[in-house]
Amino acid sequence: MAGYTIVLDAMGGDNAPRCNVEGAILALGQDKDLKLVLTGKQDQLNKLLDECRSQGQTWDENRLAIVHTEEVIENEEHSPAEAVRAKRNSSLSVGCQMVRSGEADGMVSAGNTGAVLSGGTLLIGRIKGVQRPALTLPLPTGNPPTVMVDVGANMDAKASYLVQFARMSTIYFRELYGVEKPRVALLNVGVEEGKGTELTKEVYDLLKADEAINFIGNIEAREVLMGASDIVVCDAFAGNVFLKTVEGTAKFIMNQLKAGIKDSFKAKIGALLMKKTLKGLKNSLDPSSVGGTPLLGVKGALIKAHGNSDAIAIMNAIRQCAMFISTGVNDKIAESIRG
């Protein structure tokens, strides 16, 4: 691909706009084909860019633009969907409109999750034939990772939604990670056929019958991080609970390790000898290494970055968006849905 343009919602996220601007500069330094548009309050963004220049940072000025917006969709919005409709001049809404109009190929936002989902559905729009978009999440199980879908978009899902999620994520996994027939599993309370709720039983039968999906059966939560499948399909309620549990467990383990090392001289010596290994463990559990989660099923590449993303996480989210665009995932999803 000769080049592509990505919009960054510069005002979205707990650490915005500073970390977003810093992440954008890092991304430009890594990808010569990338053009970035920052949507947000121009005076604030220009001030941050001036600070970066004064610190000796450089970038191709021709590949970075600012689109001024007056409004910001906050994390505390009572109704994110209403906020997207009402605040049409927000950094998020303007970015989504640019993707819809073709001014940009994709977008990254660390803002309000509900607003990002609403912006993707209401402003960018769904691929024709897609019933519901779905949030995916790469889990650090190896290379390639395990992709879970859905982790936040559809709390009340129908069986047909989950089958489409499996189809879309199969294409996504194939194009990004080069696995021709990724293994798809259904998150359930047991591995045996016939386990689970009425929904999971219906989904099981539909996945088993779909020749476009390499379905390997049910998977229990404890097996997911063991890499027992390439893709794990579930409704957003189960997926989000799983995700938050994993995040909490990772923090608990790291805190326990730190406390144990601090309380023992021998442990401190051992930690020093294992410094490289412990650092690798920490990095593998760090959400900034993933960057963000793609919303599959919308007409452009839309990446939802973590709300507390730092500059590295923003850079990685932009990189993920660029990969999504360059592999033509959406065209292949549209073709599969039509078929």
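Gly102 takes a positive phi of about 90°. This residue lies just after helix α4. The model is predicted. Helix α4 itself spans residues 91-101. It is mostly covered, with 8 of its 11 residues buried. These buried residues are Ser91, Leu92, Ser93, Val94, Gly95, Cys96, Met98 and Val99. They pack against several elements. Among the partners are the strands β1 (4-9), β2 (34-40), β3 (64-68) and β4 (106-109). The helices α3 (80-86) and α5 (113-124) also take part.

The largest nonpolar core has 64 residues. Ile6, Val108 and Ile318 have the most contacts inside this core. Helix α6 (residues 159-177) gives the most to it, with 11 residues. A second core is separate and has 33 residues. Cys96, Met98, Val224 and Val298 are included in this second core. Two of these names return from helix α4, where Cys96 and Met98 are buried.

Val108 shows how the 64-residue core is knit together. Residues up to four places away in sequence are not counted here. Val108 touches Ile6, Val7, Leu8 and Asp9. Val108 also touches Ile303, Ala305, Ala317, Ile318 and Cys321. Ile6 and Ile318 thus appear both as contacts of Val108 and among the residues with the most contacts in the core.

Nonpolar side chains tend to be buried together in soluble globular proteins. A nonpolar patch is nevertheless found on the surface. Phe265, Ile269, Leu273 and Met274 make this patch, of about 470 Å². Leu273 belongs to helix α10 (residues 265-273). Leu273 counts as exposed because its relative accessible area is 73%, above the 50% cut-off.

Notes: Residues numbered from 1 in each chain as written. Predicted model: local features only at pLDDT ≥ 70, side-chain atom pairs only at ≥ 80, totals over all residues. Heavy atoms only, no water. Patch = residues over 30% accessible without salt bridge, like charges linked within 9 Å, V, L, I, M, F, W, Y side chains within 5 Å. Areas by Shrake-Rupley, 256 points an atom, 1.4 Å probe, with all protein chains shown as cover. Salt bridge = Lys/Arg side-chain N within 4 Å of Asp/Glu carboxyl O. Helix = DSSP H or I, 4+ residues; strand = E, 2+ residues; numbered from the N terminus. Buried < 20%, exposed > 50% of the residue type's maximum accessible area, 1.4 Å probe, protein only. Core = buried A, V, L, I, M, F, W, Y, C linked by side-chain atoms within 4.5 Å. Contact = heavy atoms within 4.5 Å.
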